[in-house]
Amino acid sequence: MATSFHPPQRTLMGPGPSDVSPQVLEALGRPTIGHLDPEFVGLMDEIKALLQYAFKTNNQLTLPVSAPGSAGMEATFVNLVSPGDKVIVCQNGVFGGRMKENVERCGAMAVMVQDEWGTAVDVQKVRDAFRQNPDAKLLAFVHAETSTGVVSDAAQLCKIATENGALSIVDAVTSVGGIEVDVDGWGADAVYSGTQKCLSCVPGISPVTFGPRALEVMNNREHKVQSWFLDMQLVMGYWGSEAKRTYHHTAPVNAMYALHESLVMLQNEGLENAWQRHQQHHRALVAGLEAMGLNMLVAKADRLPQLNLVSIPEGADDGAVRAALLAQYDLEIGAGLGALAGKAWRIGLMGHACSQKNVLLCLTALNNVLTAMGAKITSGVAVDAALDCY
Ligand SMILES: *Cc1c(COP(=O)(O)O)cnc(C)c1O
């Protein structure tokens with residue numbers, strides 16, 4: 001007989017999900033009401049307004065897709081890309097590769113702009129790609145590459161797209177709540193995010209926003225959107241602003257309570273304060289890691305505060321260290337991906353998990369596990385180096 005599942009109390013400092021705030025977990029457990037209940041419809045309107053705040057946009061079409069970040073990604077592609085279109089896709093990590101898959105599954109052609117993993121998207125290469133492909137309809141890129149801990153210049157990239165008469169699709173799954181996302185300021189046309197990175201919320205929801213140029217493309221499509229579930233014209237019957245909302249799918253009602261709570265928390269903290277908090281704890285973490293003798297693998301100007309790519313020192317066994325952190329400290333950090341597998345760890349400082357307490361826990365735990373393993377580090381100095389930063 002199976003019995004109730006009681007998860008261990010972990011500290012999540014990997015690439016996501018990150019720690020969910022207790023306030024959000026409490027909201028999740030409130031009584032379920034109908035997905036067309038007038039009270040729930042009121043909550044939906046508040047969620048849309050709070051998402052506009054988080055995205056810094058006045059876009060009317062701003063709502064949470066009832067599925068994870070990957071579905072938000074797919075929603076932007078299937079609604080904006082038509083068969084035969086040409087799309088310039090920037091790839092400097094895992095997620096650019098997924099964008100390519102989405103483009104091709106829409107029957108369109110992806111023109112890839114490749115940059116080395118661990119570096120930002122090179123805007124000059126993007127300009128060149130437009131010069132060689134003046135018929136490109138869209139530019140897609142990842143603002144915050146969680147697979148490598150790199151931020152790219154979203155303002156510049158969106159501007160280049162607009163100057164070339166193309167729409168921009170921006171992956172802001174890891175950015176929203178952690179670093180500035182300025183949808184209207186950038187002139188971004190379609191942006192998607194996720195709840196489980198810097199929003200301190202449970203996984204499984206993907207906020208998306210579409211601007212006026214994107215709406216025009218969607219309204220003038222010749223081909224039906226290939227996905228029924230993600231067709232925004234249909235979703236809008238439920239999430240739109242008309243007086244009468246009609247059934248499209250059953251919203252994950254309790255997950256929406258959680259998202260609402262996390263957005264209220266973000267609003268109360270203030271966007272700028274949240275970004276600053278991520279910077280502050282990032283600086284302290286880096287000071288500690290470097291004092292220990294570990295190397296940060298991303299150039300300073302391109303580093304994400306919420307995802308820290310750090311070298312694995314000589315004499316440390318990647319898997320054994322992460323297993324020991326989990327077993328002895330209930331602490332999860334991320335493994336390296338692709339070319340960085342076995343060479344780097346990814347330490348997340350996302351949302352609720354981004355705190356002094358967690359920075360000190362992570363440095364203490366890493367110091368102790370690496371020292372016990374006989375790895376080549378300077379032992380016993382990391383916590384003090386971090387504290388000096390505070
Ligand atoms: C996590 C992540 C995704 C995918 O989100 P899921 O919720 O796992 O589907 C997409 N893009 C980036 C940059 C991410 O970090």
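1. Start at Asp330. In this predicted model, Asp330 sits in the loop between helix 12 (318-329) and strand 12 (331-335). Its backbone deserves a look: Asp330 has a positive phi of about 50 degrees, although it is not a glycine. Is Asp330 buried or exposed? Its relative accessibility is 28%, so Asp330 counts as partly exposed.

2. Ser200 also calls for a check of the backbone. Phi of Ser200 is positive, near 60 degrees, and this residue is not a glycine. Look for Ser200 in the loop between strand 9 (190-192) and strand 10 (206-210). Ser200 counts as buried, because its relative accessibility is 10% and the cut-off for buried is under 20%.

3. Next, find the peptide bond between Gly16 and Pro17. This bond is cis, with omega at about 5 degrees. Pro17 belongs to the loop between strand 1 and helix 1.

4. Now turn to the largest pocket. Its volume is about 460 Å³. How many residues line the largest pocket? The lining has 18 residues, and Gln9, Arg10, Asp19, Val20 and Leu25 lie nearest the centre. Strand 1 (11-13), helix 1 (22-28) and helix 13 (356-372) are the elements that give two or more residues to this lining. By type, the lining residues divide into nine nonpolar, six polar and three charged.

5. Asp85 is a charged residue to follow through its contacts. Asp85 lies in the loop between helix 3 (69-80) and strand 3 (86-91). Its relative accessible area is 8%, so Asp85 is buried. What does the side chain of Asp85 reach at 2.8 Å? The partner is the backbone nitrogen of Ser82. The side chain of Asp85 also makes a polar contact of 3.1 Å with the side chain of Lys137.

6. Helix 4 rewards a view from the side, then one down its axis. Helix 4 (residues 94-105) has 12 residues. From first C-alpha to last, helix 4 reaches 17 Å, close to the 16 Å expected at 1.5 Å a residue. Which residues of helix 4 are buried? They are Phe95, Gly96, Met99, Asn102 and Val103. Seen down the axis, these buried residues fall within an arc of 110 degrees, so they line one face of helix 4. A general rule helps here: an α-helix has 3.6 residues a turn, so residues three or four places apart point the same way.

7. Finally, see what comes after helix 4. Gly107 follows helix 4, and the phi of Gly107 is positive, near 75 degrees.

Notes
Residues are numbered from 1 along each chain as its sequence is written. This is a predicted model: local features need pLDDT of at least 70, side-chain atom pairs count only at pLDDT 80 or more; totals for chains, interfaces and linings use all residues. Side-chain values use heavy atoms; hydrogens and water are left out. Helices (H or I, at least four residues) and strands (E, at least two) are DSSP runs, numbered from the N terminus. The expected span of a helix is 1.5 Å times one less than its number of residues. Buried means under 20% relative accessible area, exposed over 50%, partly exposed in between (1.4 Å probe, protein chains only). The arc is that of the directions from the helix axis to the C-beta atoms. On a 1 Å grid over the protein atoms alone, a cavity is a set of points where a 1.4 Å probe fits but cannot get out, and a pocket is an open set with protein on both sides within 12 Å along at least five of seven lines; lining residues have an atom within 4 Å of a point. Grid points are joined across faces, edges and corners, and a volume is the space filled by probe spheres set on the points. A polar contact is a pair of N or O atoms within 3.5 Å; within protein, one must be able to donate a hydrogen and the other to accept it, and residues adjacent in sequence count only if both atoms are side-chain atoms.
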